[in-house]
Amino acid sequence: MRIAIVTDRSRMDFLPSEEAIQEDEQKRRTVEQVQEILADHYDCIALTADDEIISRLRAEKIDLVFNLCNGLRGDSKIAQLPAMLEFANIAYSGSAVVGHTLAINKLLSLQMFQAAGIPTPRFAAVYSLADLDDLNMDFPIIVKPNDEGSSRGIHQDSLIFDRDSLRKKVAEELELYQPPILLNEFIEGREFTIGVVGNGDAIEVLPIQELDLSALPEELSKFYSFEVKTYYKEKTIYHLPASLTAAEQDLIAKTAIRAYQALMLRDYGRVDIRVKDGIPYVLEINSLPGLQKGRSSLWRMAEAKPGLGYAGLVLRIVSTALKRYGKL
Ligand SMILES: Nc1ncnc2c1ncn2[C@@H]1O[C@H](COP(=O)(O)OP(=O)(O)OP(=O)(O)O)[C@@H](O)[C@H]1O
Ligand SMILES: [Mg+2]
């Protein structure tokens, strides 16, 4: 069995920035860590997704691609490698085009959750300031770009308490990001992250992680903004497993799985949920969650699960994908 870990070209070469340096470095480390694990069990190489990727995969006689490509360009970026691999009939880990496309688009995700009867925050899509005139939503409201990740565009001042500030913030975001801008009713409550692994009847959740922001300085609003992720890492507390009753745990896990299924995800994903008055509201799902050892939520969850661990999770992703293709 020959596996290729495939990752993006350098983001730094594409769009130089401080963030790009960090992303490149995180990708490089993840590839190294995943390769170290897979190399003990499979014949494993690492490749970069450039224009020649399909012919190189064929030349290397690859049986499975371990997909780590978020993509660099265009609305469909996260779905581009899966689409090429489908076309070339090459097996790969993780979600397919449809799952990634729904998950990256927060508006489509919320619409899918709603259609499936899964609790979500009330939401509205804003294409121009005129859309705010007949807005029927309670404050506070959180304003976010529709298809960014890693809290890009979700800043401390994205939490809005009145109409004037809402107009100002939406005008600013309409300049910066492609419409629509998404408005969510802000769910005041505990925040959980749920790792989901598997397909069909064999979907399971990893130990649930709670994100505790109570140690943040008083003046900061308590949500996972860009500022919190970037400058207050040491003030972010993760409880793993989260302190929950068996019934709460069960409800959160079941909701996460329903949400994962609603977006037609495959193999693995990471669901963000906030609980208010006992109701788990699904905020979004990451269809290609980070896997870096020592840093990612999935790494922490895997380590917290007796008998799994980080290596176990990486191998599980591969075996889950192989099973799906009937190669195991
Ligand atoms: N409706 C909401 N109610 C309360 N908090 C919210 C809501 N939407 C977003 N947040 C807060 O903002 C954070 C970032 O939002 P979200 O998860 O939608 O964005 P993201 O940037 O795609 O995240 P990721 O880094 O997981 O890709 C959440 O973790 C949560 O703390
Ligand atoms: Mg999130």
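Reader: Why does P82 count as buried?

Author: Happy to start there, with the reminder that this is a predicted model. P82 has 27 C-beta neighbours inside 10 Å, and a residue is called buried at 20 or more, so P82 counts as buried.

Reader: Where does P82 lie, and which residues does P82 touch?

Author: P82 lies in helix 4, residues 77-88. Setting aside residues up to four places away in sequence, P82 touches N67, Y92, A96, V97 and H100. D133 is 51 residues from P82 in sequence, and their C-alpha atoms are 40 Å apart in space.

Reader: What makes S128 exposed?

Author: The same kind of count settles that one. S128 has 12 other C-beta atoms within 10 Å; the cut-off for exposed is 12 or fewer, so S128 is exposed. S128 is found in the loop between strand 4 (123-126) and strand 5. The C-alpha atoms of S128 and P180 are separated by 8.0 Å, with their positions 52 residues apart along the chain.

Reader: Why is the chain said to be as compact as a globular protein of its length?

Author: Its radius of gyration is 20 Å, and the globule rule gives 20 Å for 328 residues; the two values are close, so the chain is as compact as a globular protein of that length. Along the principal axes, the C-alpha atoms fill a box of roughly 60 × 45 × 40 Å. The chain has 11 helices and 13 strands, and 38% of the 328 residues count as buried. Among contacts between residues at least 6 apart in sequence, 68% join residues at least 24 apart.

Reader: Which residues touch the most other members of the largest nonpolar core?

Author: That core has 77 residues, and V6, F66, I194, A256 and I273 touch the most other members. Take I194: apart from neighbours within four places in sequence, I194 is in contact with V205, I208, I252, A253, A256, V271 and I273. As a general point, nonpolar side chains tend to be buried together in soluble globular proteins.

Reader: What covers the buried residues of helix 10?

Author: The cover includes strand 8 (190-199), strand 10 (209-212), strand 12 and helix 11 (309-324). Helix 10 spans residues 297-304, and its buried residues are S297, L298, W299, M301 and A302.

Reader: Which domains does the assignment give?

Author: The domain assignment gives domain 1 (2-92), domain 2 (122-185) and domain 3 (189-324). The centres of domain 2 and domain 3, taken over C-alpha atoms, are separated by 25 Å. Eight residues of domain 2 are in contact with nine residues of domain 3. On the domain 2 side, the touching residues are two nonpolar, five polar and one charged.

Reader: How do you know where ligand 1 lies with respect to domain 2 and domain 3?

Author: Look at which domains supply its shell. Domain 2 and domain 3 both give residues to the shell around ligand 1, so ligand 1 lies between them.

Reader: Which residues come nearest to ligand 1, and which strand gives the most to the shell?

Author: There are 18 residues around ligand 1, and P121, N184, I187, F223 and Y224 come nearest. The elements giving two or more residues to the shell are strand 5 (141-145), strand 12 (268-276) and strand 13 (279-286). Strand 13 gives the most, with three residues. By class, the shell has eight nonpolar, five polar and five charged residues.

Methods. Residues are numbered from 1 along each chain as its sequence is written. Chains are lettered from A and ligands numbered from 1 in the order in which they are written. This is a predicted model: local features need pLDDT of at least 70, side-chain atom pairs count only at pLDDT 80 or more; totals for chains, interfaces and linings use all residues. A nonpolar core is a set of buried Ala, Val, Leu, Ile, Met, Phe, Trp, Tyr and Cys residues joined through C-beta atoms within 7 Å. Two residues are in contact if their C-beta atoms, placed from the backbone, lie within 7 Å. A residue is near a molecule or strand if its C-beta atom, placed from the backbone, lies within 6 Å of it. Helices (H or I, at least four residues) and strands (E, at least two) are DSSP runs, numbered from the N terminus. Ala, Val, Leu, Ile, Met, Phe, Trp, Tyr, Cys and Pro count as nonpolar, Asp, Glu, Lys and Arg as charged, and the others, Gly among them, as polar. Domain bounds come from an automatic or database domain assignment. The radius of gyration is taken over C-alpha atoms; the globule rule is 2.2 Å times the number of residues to the power 0.38.
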